[in-house]
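Hello,

Here is the structure I promised to pass on. Please have it open while you read my notes.

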Amino acid sequence: MSDTNSKKPLVAVMKGKSPEENYLEGIDKLGGISQYIKEGDNVFLKITLRVPLGYPMNSNMDLVKEVIYSCKKAGANKIFIGSFPSEKIALKLFDDLMGLESYFKTLGAEFVYLDNSDYYNQKLNVKNLKDLKADSLKDINIGEKKIKVPEVITNSDKIIVITQVNINPLFMCDLSLINYFSILPAKFRDIKYDNNILNEEIVKNDLFRQDLISNILNTYAIRKPILTINDVFYVLEKAGPLIYRDSNLKKTNVLIMGTDLISVDVITLRFLGFDVFKNDLLSRAFERSLGPEHISDIKLIGEDLGKISIKLNQSCLKLEDIKIPNIFVNSGKICSGCFLKAYHLLNFMNSRMIKDVKYIPNHSFLVGLNPPEPQFNNNVIVFGDCAIKSTKNYKFYTKIKKTLLKKKEKEVKNKNILTLSGCPPDFKNCLKQIFEYYDKSDLPNLNYLMRSLRTSNFFEYNKKLNKWEDL
Ligand code: SF4
C-alpha cells in the first residue's frame with residue numbers, strides 16, 4: 001500500500017525557498033492535489049484573518065494563491081476563500097484595506113463576506129437582512145447550545161485550512177484548531193460570564209479555559225477539513241499572534257501540511273520545540289478521539305523533524321513580565337479570560353501607545369482576585385470584575401489631603417482610578433474608556449489611531465456589524 005492510501009494521518013514537513021514552493025512539493029509528497037480535490041468540487045479555503053494589517057498577522061496571500069491554482073488544476077468548480085476575523089471586525093474593512101475581493105477574483109476564486117458586511121453596508125431593510133441572515137447561516141446544535149455556521153462552509157464539498165502560525169498566549173501557538181474556530185461568528189466564540197456565576201468559581205477551575213477548549217473542539221467536530229496547511233515559514237515569537245513591540249519575526253523556511261488537522265498541529269508544535277503533552281487543547285482533542293489514536297500513528301514525510309526542529313521563544317507566562325513605561329502590573333488569582341484580555345491590552349499599550357504611556361504618571365494595573373496593594377496608589381487601573389470586587393476595601397480608593405486653611409488632614413475619594421469592568425473586559429471598550437479617561441493631549445498615539453479608525457469607517461462598519469449580529 002502506498003503512503004497516500006494509508007489510513008494513518010500523513011504529515012509532510014517541507015523546507016525550501018518559499019511557502020509556495022514548499023506547498024507544491026508537499027502536496028506532491030501527499031499524493032498530489034487530485035487525491036483530495038475532485039473534478040467539480042466546491043472548495044472552501046479557511047484562511048487566517050486577524051486584523052486588517054496584512055502579513056504575518058494574516059495568511060500569506062502568495063501561499064493562498066498557489067493553493068487556489070492547484071485546486072483549479074484538479075478541476076474544482078468553485079473556490080471560496082474566507083474566515084471570520086479572530087477579533088470582531090467587519091470583513092468589509094479587511095476588503096477596503098487589503099483589496100481581498102478583487103485580488104481573489106483575478107485568481108478565479110471568490111472572497112466570501114461571511115458576515116455579509118458587503119450587503120448590510122448598503123441600504124437594506126430589516127426584513128431583507130433577516131432573510132439574508134437566515135439564508136446564509138445554518139443552525140447547528142452542539143449539546144444544549146445552538147450555533148450558526150455559514151452555509152457556504154457546510155455546503156462546500158471540501159475544506160482546506162491554511163493557518164499562519166504565530167505564538168499564542170494561551171495555547172503556545174495559534175494552531176489550525178484555533179484558526180478553524182473562526183468559522184463561527186464572533187458572537188458564538190465570545191465567552192462572557194454574568195453575575196450569576198461566582199467569579200471565585202470561574203477562577204478556581206479556570207472555567208474560561210475549559211469553556212474555550214470545549215468550544216474550539218466542538219467546532220472542529222462539526223466538520224473536518226480534507227487538508228491542513230500550517231505556515232511556519234515566518235513565525236512571530238515572544239509576543240503574538242499580532243505584531244507587538246516585543247514580537248520577533250523568525251524565519252524557519254518550513255511549511256507543515258497533512259491529511260489530519262490535529263496531527264499537523266502536533267507536528268507543528270514539535271517542530272517549534274514545544275511539549276505537545278503540556279498543551280491541554282491538544283490533550284483534550286486526543287481524549288475526545290478527534291485526532292489519531294496515538295501520536296506514533298502519524299506518518300511523517302519530508303524533512304527529518306529531529307534535525308530541523310527549532311526552539312521558538314514563547315510569550316510571557318505572567319502579565320508582570322510585560323514591561324511598559326509607567327505601568328506596573330499587580331496580579332491576583334486570575335483565569336485565562338482576564339489573562340488573555342489583559343495580555344492584549346498591555347501589549348497594545350506597549351506597542352501602539354508608547355508615547356502615551358510615557359506622558360502619563362506612574363500607574364498600578366490591578367487584575368484578578370485579591371491582587372496585592374498597589375505600589376503606586378495615586379493612579380490605578382482596575383481591570384476586570386474580580387479586581388473591582390475584591391479591592392473594594394483597599395486603601396487606594398481614598399487618599400489623605402491637607403485642608404488649605406487649617407492644614408488638617410482629611411480623607412477624600414481618589415478620583416484617579418479607572419475601572420475596566422467585565423468578566424472578562426472587552427478590549428474595544430477598554431480602549432474607548434482609556435481614550436475618554438485621559439486628557440487627549442496625553443494620548444497622541446491613541447488620538448491618532450482613533451482618527452484613523454474614524455476615517456477608515458471602522459466605527460461605522462462595527463456599529464452595523466453589531467446590529468447584524470443582534471438581528
Ligand atoms: S473577572 Fe477576569 S479573572 Fe475574574 S472570573 Fe472573570 S474573566 Fe476570570
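How do the residues of the shell around the ligand divide into nonpolar, polar and charged? There are 10 nonpolar, 4 polar and 1 charged. (Ala, Val, Leu, Ile, Met, Phe, Trp, Tyr, Cys and Pro count as nonpolar; Asp, Glu, Lys and Arg count as charged; the others, Gly among them, count as polar.)

Two notes before the rest. This is a predicted model: local features need pLDDT of at least 70, side-chain atom pairs count only at pLDDT 80 or more, and totals for chains, interfaces and linings use all residues. Residues are numbered from 1 along each chain as its sequence is written.

**The ligand**

The ligand has 15 residues around it. Cys 335, Gly 337, Cys 338, Cys 386 and Cys 423 come nearest. (A residue is near a molecule or strand if its C-beta atom, placed from the backbone, lies within 6 Å of it.) Helices H9 (199–204), H14 (336–352) and H16 (385–390) each give two or more residues to this shell. H9 has the largest share, with 3 residues. (Helices, H or I of at least four residues, and strands, E of at least two, are DSSP runs numbered from the N terminus.)

Domain 1 (3–308) and domain 2 (319–470) both give residues to the shell, so the ligand lies between them. The domain bounds come from an automatic or database domain assignment.

**The sheet**

Now look at the open sheet of 4 strands. The order is E15-E16-E17-E20, with parallel pairing. (Two strands pair if DSSP finds at least two bridges between them.) E15 (327–331) and E20 (417–420) stand at the edges. Each has a single partner strand, so one side of each is left without a neighbour in the sheet. E15 joins E16 (363–367) through 5 bridges. Asn 330 stands opposite Leu 366 in E16.

Best wishes
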